Amino acid sequence: MNIIKLKKISGHAKSGKVTRIYIGVLDSIKKGDKLLDIESKKGNVTIISEYDTDIVKLLVEVGEVLNIDDGICEVSSPLKISSGSSAKTPLNTSSKPSTTKSAPFNYFGKLIKPKEVKKITLEVDIAILGGGPGGYVAALHGGLTDKKIVIIEKNNLGGTCLNEGCIPTKTLVRSAEVFNLVKDFKEFGVTLENPKINLKDVISRKDRIVEELVGGIDYLLKNRDVTIVKGKGEVLEKNKIIVKENNVETTIIAQNIILATGGKVSKLNLPGIDLEGVITSTEALNLCELPKKLLIVGGGIIGMEFAFIYASFGVDVTIIEFDKTILNTLDSDVVDVILESAKLKGIRIVTKSAVEEIIRGEDSDLIVRVKSAGENRFYSTEKVLVAVGRSTSLDGIHHEKLGIELNARKTGIEVDEYMRTNIDNIYAIGDLTEKFLLAHVASHQGIIAIDHILGKENPMDYSVVPNVVFTIPEIAVVGLTELELERRNKDALDEEVIEVNISKFPIAANGKAQTLGETLGFVKLIENKQTKQLLGGTVVGIHASDMITEISLCIKKGLSSKDIAHTIHAHPTTAESVHEAALGLNGGSLHFE
(Lines give C-alpha, C1' and ligand atoms only; values in the text may rest on other atoms or scores of the structure.)
Protein backbone atom coordinates (compact mmCIF):
# COMPACT_ATOMS: atom_id res chain seq x y z
CA MET A 1 0.00 0.00 0.00
CA ASN A 2 1.31 3.46 -0.95
CA ILE A 3 0.30 6.26 1.40
CA ILE A 4 1.18 9.95 1.19
CA LYS A 5 1.63 11.14 4.76
CA LEU A 6 1.61 14.53 6.44
CA LYS A 7 5.26 15.40 7.14
CA LYS A 8 5.18 19.12 8.01
CA ILE A 9 2.54 21.73 8.81
CA SER A 10 3.80 25.20 9.79
CA GLY A 11 6.60 26.18 12.12
CA HIS A 12 6.84 23.51 14.80
CA ALA A 13 3.14 22.64 14.81
CA LYS A 14 2.45 18.93 15.33
CA SER A 15 -1.21 18.84 14.37
CA GLY A 16 -3.86 20.86 12.57
CA LYS A 17 -7.45 20.83 11.31
CA VAL A 18 -8.19 20.10 7.68
CA THR A 19 -10.09 23.11 6.31
CA ARG A 20 -10.14 22.23 2.61
CA ILE A 21 -9.39 19.24 0.36
CA TYR A 22 -8.37 19.81 -3.26
CA ILE A 23 -8.09 16.18 -4.43
CA GLY A 24 -10.55 13.38 -5.08
CA VAL A 25 -10.56 9.65 -5.83
CA LEU A 26 -9.15 8.81 -9.30
CA ASP A 27 -7.56 12.27 -9.62
CA SER A 28 -4.13 12.38 -11.24
CA ILE A 29 -1.78 14.68 -9.37
CA LYS A 30 1.64 16.11 -10.15
CA LYS A 31 4.36 17.74 -8.10
CA GLY A 32 3.18 21.20 -7.07
CA ASP A 33 -0.53 20.36 -7.04
CA LYS A 34 -2.47 21.29 -3.91
CA LEU A 35 -3.58 18.42 -1.68
CA LEU A 36 -5.28 20.12 1.25
CA ASP A 37 -5.27 23.12 3.59
CA ILE A 38 -4.48 22.75 7.28
CA GLU A 39 -5.05 25.28 10.06
CA SER A 40 -2.88 25.09 13.16
CA LYS A 41 -1.97 27.40 16.01
CA LYS A 42 1.05 28.44 13.95
CA GLY A 43 -1.03 29.53 10.97
CA ASN A 44 -2.61 28.26 7.78
CA VAL A 45 -0.70 26.19 5.26
CA THR A 46 -1.44 24.44 1.97
CA ILE A 47 0.06 20.95 1.67
CA ILE A 48 1.63 20.45 -1.77
CA SER A 49 2.24 17.17 -3.60
CA GLU A 50 5.83 16.09 -4.18
CA TYR A 51 4.78 13.27 -6.48
CA ASP A 52 3.29 12.38 -9.86
CA THR A 53 0.68 9.73 -9.12
CA ASP A 54 -3.03 8.81 -9.03
CA ILE A 55 -5.36 8.99 -6.01
CA VAL A 56 -6.89 5.65 -5.01
CA LYS A 57 -8.52 6.54 -1.70
CA LEU A 58 -8.86 9.61 0.55
CA LEU A 59 -7.95 9.04 4.19
CA VAL A 60 -9.05 12.45 5.53
CA GLU A 61 -12.09 14.70 5.53
CA VAL A 62 -12.73 18.40 6.18
CA GLY A 63 -12.80 19.18 9.91
CA GLU A 64 -10.61 16.24 10.86
CA VAL A 65 -7.50 16.86 12.98
CA LEU A 66 -4.33 15.47 11.41
CA ASN A 67 -1.09 14.74 13.24
CA ILE A 68 2.37 14.51 11.73
CA ASP A 69 2.80 11.12 9.96
CA ASP A 70 -0.95 10.62 9.57
CA GLY A 71 -1.99 9.43 6.13
CA ILE A 72 -3.56 11.83 3.62
CA CYS A 73 -4.40 9.46 0.77
CA GLU A 74 -3.65 6.10 -0.81
CA VAL A 75 -2.02 6.34 -4.21
CA SER A 76 -1.31 4.00 -7.10
CA SER A 77 1.93 2.09 -7.61
CA PRO A 78 4.53 2.60 -8.92
CA LEU A 79 4.91 6.10 -7.47
CA LYS A 80 6.68 8.65 -9.66
CA ILE A 81 8.73 11.28 -7.86
CA SER A 82 8.99 14.46 -9.91
CA SER A 83 12.42 15.26 -11.31
CA GLY A 84 14.46 17.49 -9.04
CA SER A 85 12.53 16.69 -5.86
CA SER A 86 14.77 16.26 -2.85
CA ALA A 87 11.97 15.35 -0.48
CA LYS A 88 12.02 12.00 1.23
CA THR A 89 9.13 9.75 0.24
CA PRO A 90 6.47 9.86 3.01
CA LEU A 91 5.18 6.36 2.14
CA ASN A 92 4.54 3.01 3.73
CA THR A 93 5.04 0.55 0.89
CA SER A 94 5.50 -3.16 0.54
CA SER A 95 6.47 -2.81 -3.11
CA LYS A 96 9.98 -3.88 -4.04
CA PRO A 97 12.22 -1.33 -5.71
CA SER A 98 11.91 -1.45 -9.49
CA THR A 99 14.87 -2.99 -11.32
CA THR A 100 13.79 -1.54 -14.66
CA LYS A 101 16.45 0.70 -16.18
CA SER A 102 15.23 4.21 -16.79
CA ALA A 103 15.44 5.69 -20.29
CA PRO A 104 18.28 8.07 -21.13
CA PHE A 105 17.52 11.64 -20.12
CA ASN A 106 16.50 13.71 -23.15
CA TYR A 107 17.58 17.25 -22.22
CA PHE A 108 16.46 19.00 -25.41
CA GLY A 109 13.20 17.06 -25.46
CA LYS A 110 12.49 18.43 -21.99
CA LEU A 111 13.13 21.98 -23.20
CA ILE A 112 11.05 21.71 -26.33
CA LYS A 113 8.07 19.97 -24.75
CA PRO A 114 5.40 22.61 -23.98
CA LYS A 115 3.89 22.80 -20.53
CA GLU A 116 0.58 21.06 -20.25
CA VAL A 117 -2.15 23.57 -19.42
CA LYS A 118 -4.58 22.32 -16.84
CA LYS A 119 -8.08 23.63 -17.60
CA ILE A 120 -10.77 23.96 -14.96
CA THR A 121 -14.34 25.20 -15.25
CA LEU A 122 -16.34 26.53 -12.31
CA GLU A 123 -20.01 27.46 -12.33
CA VAL A 124 -20.96 29.86 -9.54
CA ASP A 125 -23.66 32.27 -8.42
CA ILE A 126 -21.29 35.16 -7.73
CA ALA A 127 -17.76 35.79 -8.98
CA ILE A 128 -15.75 38.57 -7.35
CA LEU A 129 -12.74 39.96 -9.21
CA GLY A 130 -10.37 41.33 -6.58
CA GLY A 131 -9.64 40.29 -3.00
CA GLY A 132 -9.17 43.68 -1.37
CA PRO A 133 -11.33 45.16 1.43
CA GLY A 134 -14.25 45.51 -1.00
CA GLY A 135 -13.97 42.09 -2.62
CA TYR A 136 -13.18 39.91 0.38
CA VAL A 137 -15.83 41.57 2.58
CA ALA A 138 -18.39 41.00 -0.19
CA ALA A 139 -17.30 37.35 -0.31
CA LEU A 140 -17.53 36.97 3.48
CA HIS A 141 -20.99 38.55 3.48
CA GLY A 142 -22.14 36.33 0.64
CA GLY A 143 -20.56 33.33 2.33
CA LEU A 144 -23.20 33.56 5.06
CA THR A 145 -25.78 32.49 2.47
CA ASP A 146 -26.21 29.37 0.36
CA LYS A 147 -24.81 31.06 -2.74
CA LYS A 148 -21.82 29.52 -4.49
CA ILE A 149 -19.12 32.19 -4.50
CA VAL A 150 -15.64 32.46 -6.00
CA ILE A 151 -13.12 35.24 -5.38
CA ILE A 152 -10.22 35.89 -7.76
CA GLU A 153 -7.01 37.55 -6.60
CA LYS A 154 -3.66 37.69 -8.38
CA ASN A 155 -1.70 38.79 -5.30
CA ASN A 156 -2.33 38.38 -1.57
CA LEU A 157 -5.82 38.56 -0.13
CA GLY A 158 -6.54 41.90 1.53
CA GLY A 159 -5.48 44.01 -1.43
CA THR A 160 -3.53 47.25 -1.13
CA CYS A 161 -5.16 48.15 2.20
CA LEU A 162 -3.94 45.11 4.08
CA ASN A 163 -0.67 44.47 2.26
CA GLU A 164 0.63 47.90 1.23
CA GLY A 165 -1.60 50.54 2.80
CA CYS A 166 -3.84 50.83 5.85
CA ILE A 167 -2.48 48.07 8.07
CA PRO A 168 1.24 48.30 7.24
CA THR A 169 1.33 52.09 7.65
CA LYS A 170 -0.57 51.93 10.93
CA THR A 171 1.87 49.31 12.18
CA LEU A 172 4.70 51.75 11.47
CA VAL A 173 2.69 54.57 13.02
CA ARG A 174 2.42 52.53 16.21
CA SER A 175 6.18 51.91 16.24
CA ALA A 176 6.67 55.67 15.83
CA GLU A 177 4.26 56.36 18.72
CA VAL A 178 6.04 53.88 20.98
CA PHE A 179 9.45 55.31 20.10
CA ASN A 180 8.16 58.82 20.81
CA LEU A 181 7.03 57.62 24.24
CA VAL A 182 10.37 55.96 24.89
CA LYS A 183 12.22 59.15 23.96
CA ASP A 184 10.07 61.01 26.50
CA PHE A 185 10.62 58.38 29.19
CA LYS A 186 11.76 60.86 31.84
CA GLU A 187 8.40 62.64 31.71
CA PHE A 188 6.74 59.38 32.74
CA GLY A 189 9.22 58.60 35.51
CA VAL A 190 10.95 55.83 33.59
CA THR A 191 14.71 55.24 33.43
CA LEU A 192 16.17 54.00 30.13
CA GLU A 193 19.52 54.09 28.42
CA ASN A 194 20.01 55.25 24.84
CA PRO A 195 16.81 53.98 23.15
CA LYS A 196 17.19 53.29 19.42
CA ILE A 197 14.94 52.33 16.53
CA ASN A 198 15.70 49.08 14.67
CA LEU A 199 13.99 49.47 11.31
CA LYS A 200 14.48 45.81 10.35
CA ASP A 201 12.58 44.75 13.46
CA VAL A 202 9.88 47.34 12.78
CA ILE A 203 9.40 45.99 9.24
CA SER A 204 9.53 42.40 10.50
CA ARG A 205 6.73 43.13 12.99
CA LYS A 206 4.71 44.75 10.19
CA ASP A 207 5.18 41.68 8.00
CA ARG A 208 4.08 39.32 10.79
CA ILE A 209 0.90 41.29 11.41
CA VAL A 210 0.07 41.43 7.71
CA GLU A 211 0.75 37.71 7.29
CA GLU A 212 -1.48 36.85 10.24
CA LEU A 213 -4.35 39.01 8.98
CA VAL A 214 -4.06 37.64 5.42
CA GLY A 215 -4.15 34.13 6.87
CA GLY A 216 -7.22 35.07 8.89
CA ILE A 217 -9.08 36.24 5.78
CA ASP A 218 -8.08 33.06 3.95
CA TYR A 219 -9.39 30.95 6.83
CA LEU A 220 -12.70 32.84 7.07
CA LEU A 221 -13.33 32.59 3.33
CA LYS A 222 -12.65 28.87 3.21
CA ASN A 223 -14.70 28.31 6.34
CA ARG A 224 -17.65 29.91 4.53
CA ASP A 225 -17.12 27.71 1.46
CA VAL A 226 -15.87 30.57 -0.71
CA THR A 227 -13.63 29.27 -3.48
CA ILE A 228 -10.37 31.21 -3.84
CA VAL A 229 -8.82 31.26 -7.30
CA LYS A 230 -5.30 32.68 -7.56
CA GLY A 231 -4.25 34.43 -10.75
CA LYS A 232 -5.01 37.32 -13.06
CA GLY A 233 -8.67 37.42 -14.03
CA GLU A 234 -10.10 38.86 -17.23
CA VAL A 235 -13.78 39.57 -17.73
CA LEU A 236 -14.39 38.56 -21.33
CA GLU A 237 -18.17 38.23 -21.35
CA LYS A 238 -20.96 39.34 -19.02
CA ASN A 239 -21.02 35.86 -17.43
CA LYS A 240 -17.46 34.69 -17.99
CA ILE A 241 -14.11 35.32 -16.32
CA ILE A 242 -10.87 33.61 -17.41
CA VAL A 243 -8.15 33.26 -14.76
CA LYS A 244 -4.59 32.29 -15.66
CA GLU A 245 -1.91 31.28 -13.17
CA ASN A 246 1.20 29.36 -14.21
CA ASN A 247 -0.05 26.34 -16.17
CA VAL A 248 -3.63 26.48 -14.87
CA GLU A 249 -6.46 28.16 -16.75
CA THR A 250 -9.76 28.51 -14.91
CA THR A 251 -12.97 29.44 -16.67
CA ILE A 252 -15.57 30.84 -14.30
CA ILE A 253 -19.18 30.95 -15.43
CA ALA A 254 -21.04 33.30 -13.08
CA GLN A 255 -24.62 34.48 -12.83
CA ASN A 256 -23.37 37.70 -11.23
CA ILE A 257 -19.99 39.44 -11.26
CA ILE A 258 -18.64 41.99 -8.79
CA LEU A 259 -15.67 44.03 -10.02
CA ALA A 260 -13.34 45.02 -7.18
CA THR A 261 -9.94 45.56 -8.80
CA GLY A 262 -9.10 48.57 -6.62
CA GLY A 263 -6.45 51.15 -7.42
CA LYS A 264 -2.78 51.65 -8.08
CA VAL A 265 -0.08 54.15 -7.15
CA SER A 266 -0.15 57.28 -9.30
CA LYS A 267 3.10 57.95 -11.12
CA LEU A 268 4.29 61.47 -11.87
CA ASN A 269 5.61 62.35 -15.30
CA LEU A 270 8.73 63.83 -13.79
CA PRO A 271 12.35 63.81 -15.02
CA GLY A 272 14.36 61.49 -12.75
CA ILE A 273 11.31 59.65 -11.41
CA ASP A 274 12.94 56.28 -12.21
CA LEU A 275 16.23 56.97 -10.45
CA GLU A 276 17.34 54.60 -7.72
CA GLY A 277 16.32 56.08 -4.40
CA VAL A 278 13.03 57.50 -5.70
CA ILE A 279 10.37 55.42 -3.99
CA THR A 280 6.61 55.06 -3.62
CA SER A 281 4.64 54.31 -0.47
CA THR A 282 5.07 50.58 -1.18
CA GLU A 283 8.87 50.79 -1.02
CA ALA A 284 8.67 53.14 1.98
CA LEU A 285 7.02 50.30 3.91
CA ASN A 286 9.92 47.95 3.26
CA LEU A 287 13.11 49.97 3.79
CA CYS A 288 15.76 48.00 5.65
CA GLU A 289 17.78 51.04 6.71
CA LEU A 290 16.75 54.50 7.78
CA PRO A 291 17.82 57.22 5.35
CA LYS A 292 19.47 60.26 6.87
CA LYS A 293 17.28 62.53 4.74
CA LEU A 294 13.89 61.97 3.14
CA LEU A 295 12.14 64.39 0.79
CA ILE A 296 8.43 63.76 0.31
CA VAL A 297 6.62 64.99 -2.78
CA GLY A 298 3.07 65.79 -1.69
CA GLY A 299 1.62 67.02 1.59
CA GLY A 300 -1.62 65.04 1.41
CA ILE A 301 -2.68 62.15 3.61
CA ILE A 302 -0.07 59.64 2.43
CA GLY A 303 2.77 62.14 2.51
CA MET A 304 1.93 63.47 5.97
CA GLU A 305 1.53 60.01 7.52
CA PHE A 306 4.96 58.94 6.27
CA ALA A 307 6.46 62.27 7.30
CA PHE A 308 5.49 61.72 10.94
CA ILE A 309 6.57 58.07 10.86
CA TYR A 310 10.08 58.73 9.60
CA ALA A 311 10.58 61.99 11.48
CA SER A 312 9.72 60.10 14.68
CA PHE A 313 12.41 57.57 13.74
CA GLY A 314 14.96 60.39 13.58
CA VAL A 315 15.03 61.02 9.81
CA ASP A 316 15.46 64.58 8.49
CA VAL A 317 12.15 65.04 6.60
CA THR A 318 11.22 67.73 4.07
CA ILE A 319 7.79 67.98 2.40
CA ILE A 320 7.23 69.76 -0.90
CA GLU A 321 3.56 70.66 -1.45
CA PHE A 322 2.19 72.31 -4.60
CA ASP A 323 -0.84 73.84 -2.87
CA LYS A 324 -0.78 76.73 -0.40
CA THR A 325 -1.20 74.33 2.51
CA ILE A 326 -0.87 70.68 3.46
CA LEU A 327 -4.00 68.53 3.88
CA ASN A 328 -5.94 71.07 1.82
CA THR A 329 -9.37 69.43 2.28
CA LEU A 330 -9.33 70.00 6.04
CA ASP A 331 -10.25 73.03 8.12
CA SER A 332 -7.47 75.52 8.79
CA ASP A 333 -7.61 74.97 12.57
CA VAL A 334 -6.94 71.25 12.01
CA VAL A 335 -4.00 72.04 9.74
CA ASP A 336 -2.64 74.45 12.36
CA VAL A 337 -2.45 71.65 14.92
CA ILE A 338 -0.62 69.37 12.47
CA LEU A 339 1.77 72.15 11.51
CA GLU A 340 2.55 72.70 15.20
CA SER A 341 3.16 68.99 15.71
CA ALA A 342 5.30 68.80 12.54
CA LYS A 343 7.43 71.67 13.81
CA LEU A 344 7.97 69.86 17.12
CA LYS A 345 9.10 66.78 15.15
CA GLY A 346 11.49 68.83 13.02
CA ILE A 347 9.57 68.31 9.76
CA ARG A 348 10.28 71.02 7.19
CA ILE A 349 7.22 71.92 5.05
CA VAL A 350 7.57 73.91 1.84
CA THR A 351 4.25 74.95 0.27
CA LYS A 352 3.28 76.65 -3.00
CA SER A 353 6.18 74.84 -4.64
CA ALA A 354 6.53 72.30 -7.46
CA VAL A 355 9.12 69.57 -7.92
CA GLU A 356 10.54 70.06 -11.42
CA GLU A 357 13.32 67.48 -11.64
CA ILE A 358 15.29 64.85 -9.72
CA ILE A 359 18.95 64.31 -10.60
CA ARG A 360 21.83 62.25 -9.23
CA GLY A 361 24.37 64.33 -7.31
CA GLU A 362 28.13 63.84 -7.31
CA ASP A 363 28.06 62.37 -3.81
CA SER A 364 25.40 59.81 -4.92
CA ASP A 365 22.65 61.69 -3.10
CA LEU A 366 19.61 62.90 -5.04
CA ILE A 367 19.23 66.56 -5.94
CA VAL A 368 15.62 67.76 -6.20
CA ARG A 369 14.99 70.93 -8.19
CA VAL A 370 11.96 72.78 -6.85
CA LYS A 371 10.24 75.82 -8.38
CA SER A 372 9.17 78.12 -5.57
CA ALA A 373 8.02 81.75 -5.96
CA GLY A 374 9.37 81.75 -9.51
CA GLU A 375 12.86 80.67 -8.43
CA ASN A 376 14.73 77.36 -8.52
CA ARG A 377 15.64 75.85 -5.19
CA PHE A 378 17.73 72.70 -4.78
CA TYR A 379 17.37 70.10 -2.02
CA SER A 380 19.84 67.31 -1.40
CA THR A 381 18.36 64.10 -0.02
CA GLU A 382 19.06 60.39 0.27
CA LYS A 383 15.54 59.23 -0.65
CA VAL A 384 12.60 60.83 -2.46
CA LEU A 385 9.14 59.53 -1.59
CA VAL A 386 6.54 60.33 -4.23
CA ALA A 387 3.21 60.51 -2.40
CA VAL A 388 0.79 62.09 -4.82
CA GLY A 389 -2.11 59.68 -4.41
CA ARG A 390 -3.68 56.74 -6.21
CA SER A 391 -5.76 56.07 -9.30
CA THR A 392 -8.26 53.36 -10.23
CA SER A 393 -7.25 50.09 -11.89
CA LEU A 394 -9.33 48.75 -14.79
CA ASP A 395 -6.85 45.91 -15.28
CA GLY A 396 -8.57 42.80 -16.63
CA ILE A 397 -11.88 44.57 -17.26
CA HIS A 398 -12.62 44.77 -20.99
CA HIS A 399 -15.16 47.55 -20.44
CA GLU A 400 -15.34 48.62 -24.07
CA LYS A 401 -15.99 45.10 -25.34
CA LEU A 402 -18.51 44.47 -22.56
CA GLY A 403 -20.19 47.84 -22.99
CA ILE A 404 -19.69 48.90 -19.37
CA GLU A 405 -20.20 52.65 -18.98
CA LEU A 406 -17.46 54.70 -17.38
CA ASN A 407 -17.99 57.82 -15.30
CA ALA A 408 -17.71 61.37 -16.67
CA ARG A 409 -13.94 61.41 -16.10
CA LYS A 410 -13.56 58.07 -17.93
CA THR A 411 -11.32 56.84 -15.13
CA GLY A 412 -13.82 54.81 -13.11
CA ILE A 413 -17.00 52.79 -13.56
CA GLU A 414 -20.45 54.35 -13.30
CA VAL A 415 -22.73 52.58 -10.80
CA ASP A 416 -26.18 53.12 -9.30
CA GLU A 417 -27.08 53.21 -5.60
CA TYR A 418 -26.91 49.40 -5.49
CA MET A 419 -23.42 49.31 -7.04
CA ARG A 420 -24.83 47.94 -10.28
CA THR A 421 -23.31 48.95 -13.62
CA ASN A 422 -25.38 49.42 -16.76
CA ILE A 423 -24.95 45.64 -17.32
CA ASP A 424 -27.65 44.15 -15.10
CA ASN A 425 -25.56 41.30 -13.62
CA ILE A 426 -22.26 43.19 -13.27
CA TYR A 427 -21.50 45.29 -10.17
CA ALA A 428 -18.51 47.48 -9.30
CA ILE A 429 -17.25 48.49 -5.86
CA GLY A 430 -14.36 50.24 -4.17
CA ASP A 431 -11.85 52.52 -5.88
CA LEU A 432 -13.30 51.53 -9.27
CA THR A 433 -16.37 53.66 -8.52
CA GLU A 434 -14.28 56.72 -7.51
CA LYS A 435 -16.85 57.65 -4.87
CA PHE A 436 -14.46 57.59 -1.91
CA LEU A 437 -11.03 55.94 -2.13
CA LEU A 438 -11.43 54.47 1.36
CA ALA A 439 -11.26 50.84 2.45
CA HIS A 440 -14.30 51.05 4.72
CA VAL A 441 -16.39 52.53 1.90
CA ALA A 442 -15.32 49.69 -0.41
CA SER A 443 -16.31 47.14 2.26
CA HIS A 444 -19.75 48.67 2.69
CA GLN A 445 -20.24 48.86 -1.06
CA GLY A 446 -19.46 45.14 -1.22
CA ILE A 447 -22.19 44.39 1.31
CA ILE A 448 -24.68 46.56 -0.64
CA ALA A 449 -23.84 44.73 -3.89
CA ILE A 450 -24.29 41.28 -2.34
CA ASP A 451 -27.58 42.34 -0.75
CA HIS A 452 -28.90 43.54 -4.10
CA ILE A 453 -27.93 40.26 -5.77
CA LEU A 454 -29.86 38.50 -2.97
CA GLY A 455 -32.92 40.65 -3.68
CA LYS A 456 -32.46 43.11 -0.81
CA GLU A 457 -32.61 46.75 -1.86
CA ASN A 458 -30.46 48.66 0.62
CA PRO A 459 -29.19 51.73 -1.28
CA MET A 460 -25.69 53.04 -0.66
CA ASP A 461 -25.60 56.20 1.47
CA TYR A 462 -22.49 58.40 1.25
CA SER A 463 -23.80 61.18 3.49
CA VAL A 464 -21.97 59.93 6.58
CA VAL A 465 -18.48 58.68 5.73
CA PRO A 466 -15.82 59.05 8.43
CA ASN A 467 -12.30 59.73 7.22
CA VAL A 468 -9.18 59.30 9.33
CA VAL A 469 -5.63 60.57 8.84
CA PHE A 470 -3.04 58.79 10.98
CA THR A 471 -0.66 61.64 11.52
CA ILE A 472 0.64 62.39 15.02
CA PRO A 473 -1.81 63.37 16.40
CA GLU A 474 -4.60 61.62 14.50
CA ILE A 475 -7.29 63.45 12.55
CA ALA A 476 -10.84 62.17 12.10
CA VAL A 477 -13.62 63.91 10.19
CA VAL A 478 -17.25 63.06 9.43
CA GLY A 479 -20.06 65.03 7.82
CA LEU A 480 -19.68 68.72 7.07
CA THR A 481 -16.51 70.66 7.83
CA GLU A 482 -16.36 74.43 8.18
CA LEU A 483 -14.50 74.57 4.86
CA GLU A 484 -17.23 72.64 3.05
CA LEU A 485 -19.95 74.68 4.76
CA GLU A 486 -18.31 77.93 3.66
CA ARG A 487 -18.09 76.71 0.05
CA ARG A 488 -21.68 75.44 0.08
CA ASN A 489 -23.15 78.65 1.52
CA LYS A 490 -21.12 80.77 -0.90
CA ASP A 491 -22.79 79.10 -3.89
CA ALA A 492 -26.24 78.67 -2.33
CA LEU A 493 -29.35 80.79 -2.70
CA ASP A 494 -30.46 82.73 0.39
CA GLU A 495 -33.10 80.16 1.35
CA GLU A 496 -30.51 77.35 1.04
CA VAL A 497 -27.89 78.91 3.31
CA ILE A 498 -27.28 76.75 6.38
CA GLU A 499 -26.82 78.59 9.67
CA VAL A 500 -24.89 76.65 12.28
CA ASN A 501 -23.61 76.64 15.84
CA ILE A 502 -20.05 75.43 16.40
CA SER A 503 -18.46 74.16 19.60
CA LYS A 504 -14.79 73.32 20.18
CA PHE A 505 -13.31 71.59 23.19
CA PRO A 506 -9.50 71.40 23.56
CA ILE A 507 -7.99 67.98 24.17
CA ALA A 508 -5.64 69.64 26.68
CA ALA A 509 -8.65 70.11 29.01
CA ASN A 510 -9.33 66.35 29.07
CA GLY A 511 -8.02 64.49 32.11
CA LYS A 512 -7.22 61.24 30.32
CA ALA A 513 -5.26 63.07 27.62
CA GLN A 514 -3.22 64.76 30.33
CA THR A 515 -2.37 61.40 31.92
CA LEU A 516 -1.28 60.10 28.50
CA GLY A 517 0.87 63.15 27.86
CA GLU A 518 -0.96 63.82 24.58
CA THR A 519 -2.63 67.22 24.74
CA LEU A 520 -2.54 68.58 21.17
CA GLY A 521 -5.84 68.98 19.36
CA PHE A 522 -9.57 69.48 19.91
CA VAL A 523 -13.07 68.14 19.27
CA LYS A 524 -15.33 70.27 17.08
CA LEU A 525 -19.06 69.78 16.55
CA ILE A 526 -21.20 71.57 13.96
CA GLU A 527 -24.96 71.71 14.54
CA ASN A 528 -27.80 73.10 12.41
CA LYS A 529 -28.99 76.23 14.21
CA GLN A 530 -32.65 75.66 13.32
CA THR A 531 -33.13 71.87 13.39
CA LYS A 532 -30.48 71.21 16.07
CA GLN A 533 -29.29 68.17 14.13
CA LEU A 534 -25.58 67.43 14.09
CA LEU A 535 -24.09 68.13 10.66
CA GLY A 536 -20.42 67.38 11.20
CA GLY A 537 -17.66 66.58 13.60
CA THR A 538 -13.89 66.85 13.59
CA VAL A 539 -11.48 65.37 16.09
CA VAL A 540 -7.76 66.05 16.00
CA GLY A 541 -5.84 64.48 18.85
CA ILE A 542 -5.13 61.17 20.52
CA HIS A 543 -7.78 58.47 19.90
CA ALA A 544 -9.46 60.61 17.23
CA SER A 545 -10.05 57.53 15.07
CA ASP A 546 -12.04 55.94 17.90
CA MET A 547 -13.98 59.00 19.01
CA ILE A 548 -15.31 59.78 15.52
CA THR A 549 -17.62 56.73 15.54
CA GLU A 550 -19.95 58.20 18.17
CA ILE A 551 -20.30 61.38 16.14
CA SER A 552 -20.86 59.39 12.93
CA LEU A 553 -23.72 57.43 14.51
CA CYS A 554 -25.39 60.60 15.79
CA ILE A 555 -25.25 62.25 12.35
CA LYS A 556 -26.51 59.06 10.68
CA LYS A 557 -29.48 58.87 13.05
CA GLY A 558 -30.29 62.59 12.84
CA LEU A 559 -29.52 63.18 16.52
CA SER A 560 -28.56 66.44 18.17
CA SER A 561 -25.76 67.53 20.46
CA LYS A 562 -28.30 67.34 23.29
CA ASP A 563 -28.50 63.58 22.76
CA ILE A 564 -24.75 63.35 23.31
CA ALA A 565 -24.88 65.76 26.27
CA HIS A 566 -27.53 63.60 27.96
CA THR A 567 -25.53 60.40 27.46
CA ILE A 568 -23.28 59.40 30.36
CA HIS A 569 -19.67 59.00 29.20
CA ALA A 570 -17.21 56.87 31.16
CA HIS A 571 -14.56 58.70 33.19
CA PRO A 572 -11.67 59.12 32.68
CA THR A 573 -11.70 58.67 28.90
CA THR A 574 -10.74 60.78 25.92
CA ALA A 575 -14.33 60.32 24.67
CA GLU A 576 -15.41 62.77 27.36
CA SER A 577 -14.05 65.43 24.99
CA VAL A 578 -16.97 64.69 22.64
CA HIS A 579 -19.35 65.03 25.59
CA GLU A 580 -17.79 68.36 26.56
CA ALA A 581 -18.05 69.69 22.99
CA ALA A 582 -21.74 68.72 22.99
CA LEU A 583 -22.23 70.50 26.32
CA GLY A 584 -20.68 73.55 24.67
CA LEU A 585 -23.71 73.66 22.34
CA ASN A 586 -26.08 73.32 25.28
CA GLY A 587 -25.17 75.97 27.80
CA GLY A 588 -21.41 75.55 28.05
CA SER A 589 -18.65 73.00 28.64
CA LEU A 590 -17.98 72.01 32.24
CA HIS A 591 -14.20 71.84 32.10
CA PHE A 592 -13.40 74.69 29.71
CA GLU A 593 -14.30 78.38 29.55
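Select Lys222 and Asp37 in this predicted model. Both residues are buried. Their side chains form a salt bridge, 2.3 Å from N to O. Now colour the elements that carry them. Lys222 belongs to helix H5 and Asp37 to strand S4 (residues 34–40), so this contact ties together parts 185 residues apart in sequence.

Next, select Lys524 and Asp333. A salt bridge of 3.0 Å (N to O) joins these side chains. Lys524 sits in strand S30 (residues 522–528) and Asp333 in helix H8 (residues 332–345), so the pair ties together parts that lie 191 residues apart in sequence. Buried or exposed, Lys524 and Asp333? Both are buried.

Keep that pair on screen and add Asp331, Glu482 and Lys504. Together with Asp333 and Lys524, these residues are linked in a network of salt bridges.

Move on to Asp395 and Lys232. Here the salt bridge is 3.6 Å, N to O. Asp395 is in the loop between strand S25 (390–392) and helix H9 (399–402), while Lys232 is in strand S13 (residues 232–237); the pair links distant parts of the chain, 163 residues apart. Check accessibility. Asp395 is partly exposed at 33% relative accessibility. Lys232 is partly exposed at 39%.

To see the whole set, display every salt bridge: the structure holds 18.

Last stop: the surface. Select Leu181, Phe188, Val190 and Leu192, which make a nonpolar patch of about 300 Å². Then centre on Val190. This residue lies in the loop between helix H4 (166–183) and helix H5 (199–223). Val190 is partly exposed, with a relative accessible area of 39%.

Methods:
Residues numbered from 1 in each chain as written. Predicted model: local features only at pLDDT ≥ 70, side-chain atom pairs only at ≥ 80, totals over all residues. Heavy atoms only, no water. Patch = residues over 30% accessible without salt bridge, like charges linked within 9 Å, V, L, I, M, F, W, Y side chains within 5 Å. Areas by Shrake-Rupley, 256 points an atom, 1.4 Å probe, with all protein chains shown as cover. Salt bridge = Lys/Arg side-chain N within 4 Å of Asp/Glu carboxyl O. Helix = DSSP H or I, 4+ residues; strand = E, 2+ residues; numbered from the N terminus. Buried < 20%, exposed > 50% of the residue type's maximum accessible area, 1.4 Å probe, protein only.
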